[in-house]
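Student: I've got a structure open on my screen and I'd like to talk it through. Can you take my questions one at a time and show me how you get to each answer?

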Amino acid sequence: WYQRRVRAGKTSVASVLKEHQVAVLSCDAAAKQVVEQGSPGYQKVIEKFGTDILLPSGEIDRIKLGDLVFNDAGNREILNRCIHPEIAKVIRWHIILHFLKGTKIVAIDIPLLYESANISPYLHSVVVVYCTPEQQKQRLMDRNDFTEDEAQARIDSQLSLEEKKKRADHVIDNSGLFVDTERYVAELIPTLKQGIVPLRNIILYSFFGLLAFLILSKAL
């Protein structure tokens, strides 16, 4: 289960995890899914922010919505209340499917693990992916064609990277070469696997395992 900052390099880490047969769920992908046109999340967002954030096609203009929420903590909180419950439903469903298949590890890419709802007590491990502040800003500017101020606003909207590193069980340094990141992740995976029992087995043999699973699902 890993936590990352905006453009700290989560895509690189996710690709390495997948190479090692670790299932990876993306909250970003779920966030896009839950605001697709006509969905409950879409309706909630339109009710709160109006039709001015829509493209001619009727889809939500993510750039315009981003400008509204990244520069206004109040708007950001409103958006989070609209979509986080819907994201949790999507992630929870995928977790259920993976665990019923006996998947050993499911890594969830959660950009706002601490900011939205601290579910870290329910996770086996929290892994923070980080790079230098300069790299983080430049990567965001390169990917989204943001100005320096726009990139900084998005970075500032999240808990500081240093604070997240303090709370993490493990930290992956993604400030160097990709080969180094690959090595860090490969060395970490055996540690993450230690002590984990596929939840399917727990459910089959223990009522309390099922109860714990339901509590976890509700928390997510």
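Student: Which residues have the most contacts inside the largest nonpolar core?

Tutor: Keep in mind that this is a predicted model. The largest nonpolar core has 30 residues. The ones with the most contacts inside it are Val-45, Ile-60, Leu-65, Ile-83, Ile-87, Ile-91 and Ile-108.

Student: And which element gives the largest share of this core?

Tutor: Several elements give two or more residues to it: β2 (23-26), α2 (27-34), α3 (40-49), α4, α5, β3 (106-110) and α6 (113-116). The largest share is eight residues, and the element supplying them is α5.

Student: Let me zoom in on Leu-65. Leaving aside neighbours within four places in sequence, what is Leu-65 in contact with?

Tutor: Leu-65 is one of the residues with the most contacts inside the largest core. Once you set aside its neighbours within four places in sequence, the partners of Leu-65 are Val-45, Phe-49, Ile-53, Ile-60 and Leu-79.

Student: How many residues are in the second, separate core?

Tutor: Look for Val-16, Leu-17, Ile-105 and Val-185, which are among its members. That second core is separate from the largest one, and its size is 13 residues.

Student: Now the strands. Is β3 largely enclosed or not, and how many of its residues are buried?

Tutor: Check one side of β3 and you find Val-106, Ile-108 and Ile-110 buried; on the other side, Ala-107 and Asp-109 are buried too. In a regular strand, side chains alternate between the two faces of the sheet. With both faces of β3 covered, the strand is largely enclosed by the rest of the structure, because the buried count is five of the five residues.

Student: Which residue of β3 stands opposite Ala-23?

Tutor: β2 and β3 run parallel, and four bridges join them. Across that pairing, the β3 residue opposite Ala-23 is Val-106.

Student: What about β4: which residue in β5 is the bridge partner of Val-127?

Tutor: Strand β4 (residues 127-130) is covered on both faces, with Val-127 and Val-129 buried on one side and Val-128 and Tyr-130 buried on the other. β4 pairs with strand β5 (residues 170-173) in the parallel sense, over four bridges. In β5, the partner of Val-127 is His-170.

Student: Let's move on to charges. How far apart are the closest N and O atoms of Arg-154 and Asp-67?

Tutor: Side chains of opposite charge can pair when their charged atoms come close. Arg-154 and Asp-67 form a salt bridge that links distant parts of the chain, with Arg-154 in helix α8 (residues 148-156) and Asp-67 in helix α4 (residues 62-70), 87 residues apart. Their closest N and O atoms are separated by 3.2 Å.

Student: Is Arg-154 buried or exposed?

Tutor: The cut-off for buried is under 20% relative accessible area. Its partner Asp-67, at 34%, counts as partly exposed. Arg-154 has a relative accessibility of 6%, so the verdict for Arg-154 is buried.

Student: Arg-81 and Glu-77 make a salt bridge too. About how many helical turns separate Arg-81 and Glu-77?

Tutor: The closest N and O atoms of this pair are 3.6 Å apart. Arg-81 is exposed at 53%, whereas Glu-77 is partly exposed at 39%. Because Arg-81 and Glu-77 are four residues apart in helix α5 (residues 73-100), their separation is about one helical turn.

Student: Which helix holds both Arg-183 and Asp-180?

Tutor: Arg-183 and Asp-180 form a salt bridge, with the closest N and O atoms 3.7 Å apart. Arg-183 is partly exposed at 38%, and Asp-180 is partly exposed at 25%. They sit three residues apart, about one turn, in helix α10 (residues 178-193).

Student: How many salt bridges are found in the whole structure?

Tutor: Some of them share partners, and Lys-44, Glu-86 and Lys-89 are joined into one network that way. A search of the whole structure brings the count to nine.

Student: Last one: how many disulfides are there?

Tutor: A disulfide is a covalent bond between the sulfur atoms of two cysteines. Cys-27 is buried at 11%, and Cys-82 is buried at 5%. The cut-off for a disulfide is sulfur atoms within 2.5 Å, and by this rule the count is zero.

Note on methods. Residues numbered from 1 in each chain as written. Predicted model: local features only at pLDDT ≥ 70, side-chain atom pairs only at ≥ 80, totals over all residues. Heavy atoms only, no water. Salt bridge = Lys/Arg side-chain N within 4 Å of Asp/Glu carboxyl O. Buried < 20%, exposed > 50% of the residue type's maximum accessible area, 1.4 Å probe, protein only. Core = buried A, V, L, I, M, F, W, Y, C linked by side-chain atoms within 4.5 Å. Contact = heavy atoms within 4.5 Å. Pairing = 2+ DSSP bridges.
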